[in-house]
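Notebook open, model loaded. I'm jotting things down in the order I look them up.

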Amino acid sequence: MKKSFNKKNLCLAAAALTLTAGVSVGSTMAYFTTYATASGGATISLGSTEIVPGETVSAMTKHIKVQNTGDFECYVRVKVLAGDKYKDGLEFSAPEGHWELKNGYYECDQIVAPGEESSELQVKVNAMDSTEDFNVIVIQECTAVLYDEDGKPYADWDRIADSSEDVWGGNEGEVGE
């Protein structure tokens with residue numbers, strides 16, 4: 001036996017389809033037209049570490065201290081330069097200790113907190129007439145205090161600040177660990 005669709009059943013099916021489509025169009029349109037806005041802002045300050053050398057001269061001796069004027073703790077080191085005439089006559093001393101010659105720099109083993117200064121490093125110029133002018137150049141550097149897995153602080157003088165590095169460590173669009 002052959003079933004045939006009559007007009008009445010066909011019209012009822014079309015009406016049901018139209019009602020279903022009409023009901024879902026409203027929520028679909030709401031989905032595509034919904035938006036959100038935000039206003040305001042927040043200032044983010046990452047801070048920095050800045051150091052200022054403090055140098056005084058008395059009795060042919062340069063007294064060097066390095067002050068941390070930045071926002072974070074740091075380690076400091078200095079390199080002392082003098083002309084060929086004077087470089088062999090330089091005598092270094094640290095009355096309070098804490099300074100050690102490493103790789104051409106005198107490194108202070110103390111952590112210098114913000115607003116504080118390092119212990120003193122003295123550079124005495126020997127083998128020279130006290131009436132002569134002399135110029136001893138001090139180059140100072142600092143590095144952030146880093147901590148190993150045991151929580152022990154250390155200085156990494158080979159570490160550089162490179163803004164082109166991938167901070168997240170993953171591929172573009174991914175968040176790393």
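**Contacts along the chain.** This is a predicted model, so everything below is computed from it. I started with sequence separation: of the contacts between residues at least 6 apart in the protein, 63% join residues at least 24 apart.

**Elements.** I then listed the secondary structure and got 2 helices and 9 strands. Read from the N terminus, the order is α-β-β-β-α-β-β-β-β-β-β.

**Surface.** Buried residues account for 21% of the 177 residues. The accessible surface of the protein is about 13500 Å², and carbon and sulfur atoms hold 53% of that.

I also looked for nonpolar patches. One is formed by Leu81, Ile137 and Ile139, with about 220 Å² of accessible area together. Isoleucine 137 sits in strand E8, residues 136–147. My note on its exposure is "partly exposed", because its relative accessibility is 42%.

**Cysteines.** How many disulfides does a search of the whole structure find? The result is 0. For my own reference, a disulfide is a covalent bond between the sulfur atoms of two cysteines. I checked the sulfur distances next.
- Cysteine 74 is in no disulfide, and the nearest cysteine sulfur, that of cysteine 142, is 4.7 Å away. The cut-off I need here is 2.5 Å between the sulfur atoms.
- Cysteine 74 counts as buried, because its relative accessibility is 0%.
- For cysteine 108, the closest cysteine sulfur is in cysteine 74 at 9.6 Å, which is too far for a bond.
- Cysteine 108 is at 4% relative accessibility, so I put it down as buried too.

**Arginine 77.** I spent a while on this one. Arginine 77 lies in strand E3, residues 74–82. Is arginine 77 buried or exposed? It counts as buried, because its relative accessibility is 9%.

I pulled its neighbours, leaving out residues up to four places away in sequence: arginine 77 touches Trp99, Tyr105, Tyr106, Glu107, Ile139, Gln140, Glu141 and Trp157. Two of the names in that list, Glu107 and Glu141, made me look at charges. In general, side chains of opposite charge can pair when their charged atoms come close.

**Salt bridges.** The count comes to 4. I wrote up these three of them.

First, arginine 77 and glutamate 107 meet in a salt bridge, at 3.8 Å from N to O. Arginine 77 is in strand E3 and glutamate 107 in strand E6, so this pair ties together parts that are 30 residues apart in sequence. Glutamate 107 is buried, because its relative accessible area is 12%.

Next, arginine 77 forms a salt bridge with glutamate 141, with the closest N and O atoms 2.8 Å apart. This pair links distant parts of the chain, arginine 77 in strand E3 and glutamate 141 in strand E8, 64 residues apart. Which residues do the shared partners join into one network? They are Arg77, Glu107 and Glu141. Arginine 77 and glutamate 141 also turn up in my polar contact search, side chain to side chain at 2.8 Å. Glutamate 141 is partly exposed, because its relative accessible area is 25%.

Last, lysine 65 forms a salt bridge with glutamate 117, with the closest N and O atoms 3.5 Å apart. The partners are 52 residues apart: lysine 65 is in strand E2, and glutamate 117 is in the loop between E6 and strand E7 (121–125). For exposure, I have lysine 65 as partly exposed, with a relative accessible area of 26%. Glutamate 117 is at 43% relative accessibility and also counts as partly exposed.

**Backbone angles.** Most residues other than glycine have a negative phi. I went looking for exceptions and noted these.
- Methionine 60 is not a glycine, yet its phi is positive, about 60 degrees. I find methionine 60 in the loop between strand E1 (51–58) and strand E2 (61–68). It counts as buried, because its relative accessibility is 17%.
- Asparagine 103 is not a glycine either, and has a positive phi of about 55 degrees. Its loop runs between strand E5 (99–102) and strand E6 (105–108). Asparagine 103 is at 74% relative accessibility, so it goes down as exposed.

Conventions: Residues numbered from 1 in each chain as written. Predicted model: local features only at pLDDT ≥ 70, side-chain atom pairs only at ≥ 80, totals over all residues. Heavy atoms only, no water. Helix = DSSP H or I, 4+ residues; strand = E, 2+ residues; numbered from the N terminus. Buried < 20%, exposed > 50% of the residue type's maximum accessible area, 1.4 Å probe, protein only. Contact = heavy atoms within 4.5 Å. Areas by Shrake-Rupley, 256 points an atom, 1.4 Å probe, with all protein chains shown as cover. Polar contact = N/O pair within 3.5 Å; in protein donor to acceptor, adjacent residues only side chain to side chain. Patch = residues over 30% accessible without salt bridge, like charges linked within 9 Å, V, L, I, M, F, W, Y side chains within 5 Å. Salt bridge = Lys/Arg side-chain N within 4 Å of Asp/Glu carboxyl O.
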